[in-house]
Amino acid sequence: MEHEDELREFTISSARELGLTIEEAHAEHFIRYLSHLTEWNKTINLTTITEPKEIIIKHFVDSLTALISTDFPQNGVVLDVGSGAGFPGIPLKIVRSDIRLILLEPIQKKCAFINSVIGVLKLQGASTFGGTVEQYASRSITHAIDAIVIRALRYDKIMKHVNKVLNSKGKIVLYRTCPVGKHEIGEEFHLQNETTLTLPGGSGRRVITVIEKTM
C-alpha cells in the first residue's frame, strides 16, 4: 500500500485527537488491517468506505472510542456482536491485546475475512462464531462474557439474548449516534455512563452508551 508511513502517522494522530495513545506497533497492525480490508473489499462487500484515511477514522478510530468511555477488565472476554469486517472488536484487540475476543458474524464470507485478519495479524486469543447471537446464546456455555460490544446492530433486536451470555457483572457497550432512552435499556440493565464524541476531521458524532446488569 502506498504512503504507509503517512497513514501510520495519520492513525496515531487521529487517535491522539480523541485523547487516545496508540503505539507504533499498533499503527503497523492497523495499516496491515487496512491493506487486507482493501484487497478483500474488491470481491466481498465489507465496507462502502474505500478512502484509506476515511477507513482509519470511521472504522478504526471510531472502534476505539469505547476505550474513552469504559474500562474492559484485564484478560476479560469480549463478545463483538454483528462484527461484519471486524469492527469494533479487532481494533479493540489490537490496542488491548490482553482481552479474549469472540467475533460473531452470521455471513460466512465476512466470517472468513475476519479469520483471515486474525491470521495475518497473528492475534492470540481471538476467534469467530459463524452465527447469530441467538444461536450463540443457545449453546451450553453461558454467562461467560464480561462485555458485549455492538456497533452495527440495533440493541433492541438482540436484547433478549444477551442476558444469557453475560456474567453477573457484565456490561454492554453500544456504539450509537444518539443518546439511549431509558425505555430502550430494559429492566435487566441500568445506564452506567454515556459519552458523546466528535470523530477527527468532523467525521461525525459517536455516542458510546455503557449499560450494566441490574443487580
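**Charged side chains and the packing of helix 1**

In the predicted model, the side chain of lysine 213 reaches the backbone oxygen of leucine 166 at a distance of 3.0 Å. Lysine 213 is part of strand 7. Although lysine 213 is buried, it has no salt bridge. Glutamate 188 carries the nearest side chain of opposite charge, and it lies 8.6 Å away; a salt bridge requires the nitrogen and the carboxyl oxygen to be within 4 Å, so this pair does not qualify.

Elsewhere, charged side chains do pair, and the structure holds eleven salt bridges in total. One of them is formed by aspartate 62 and arginine 206, whose closest N and O atoms are 2.7 Å apart. Aspartate 62 belongs to helix 3 (residues 52–64) and arginine 206 to strand 7 (residues 205–213), so this salt bridge ties together parts that are 144 residues apart in sequence. Both partners, aspartate 62 and arginine 206, are buried. Strand 7 thus contains arginine 206 as well as lysine 213; arginine 206 takes part in a salt bridge, whereas lysine 213 has none.

A further salt bridge links arginine 154 with aspartate 156, again with the closest N and O atoms 2.7 Å apart. Here arginine 154 is exposed, its relative accessible area being 54%, while aspartate 156 is partly exposed at 42%. The side chains of glutamate 184 and arginine 176 also meet in a salt bridge, with an N to O distance of 3.4 Å. In this pair, glutamate 184 has a relative accessible area of 28% and is partly exposed. Arginine 176, at 17% relative accessibility, falls under the 20% limit and therefore counts as buried. In addition, salt bridges with shared partners join Glu4, Asp5, Arg8 and Glu28 into one network.

Helix 1 comprises residues 4–17. At 1.5 Å a residue, its 14 residues should span 20 Å, and the end C-alpha atoms are indeed 20 Å apart, so the expected and computed spans agree. The buried residues of this helix are Leu7, Arg8, Phe10, Thr11, Ile12, Ser14 and Ala15. An α-helix has 3.6 residues a turn, so residues three or four places apart point the same way. The buried residues of helix 1 pack against helix 2 (24–40) and helix 3. Arg8 is thus listed among the buried residues of helix 1 and also belongs to the salt-bridge network. Just after helix 1, glycine 19 adopts a positive phi of about 85°.

Technical notes. Residues are numbered from 1 along each chain as its sequence is written. This is a predicted model: local features need pLDDT of at least 70, side-chain atom pairs count only at pLDDT 80 or more; totals for chains, interfaces and linings use all residues. Side-chain values use heavy atoms; hydrogens and water are left out. Helices (H or I, at least four residues) and strands (E, at least two) are DSSP runs, numbered from the N terminus. Buried means under 20% relative accessible area, exposed over 50%, partly exposed in between (1.4 Å probe, protein chains only). The expected span of a helix is 1.5 Å times one less than its number of residues. Contact means heavy atoms within 4.5 Å. Lys and Arg count as positive and Asp and Glu as negative; His and the chain ends are not counted. A polar contact is a pair of N or O atoms within 3.5 Å; within protein, one must be able to donate a hydrogen and the other to accept it, and residues adjacent in sequence count only if both atoms are side-chain atoms.
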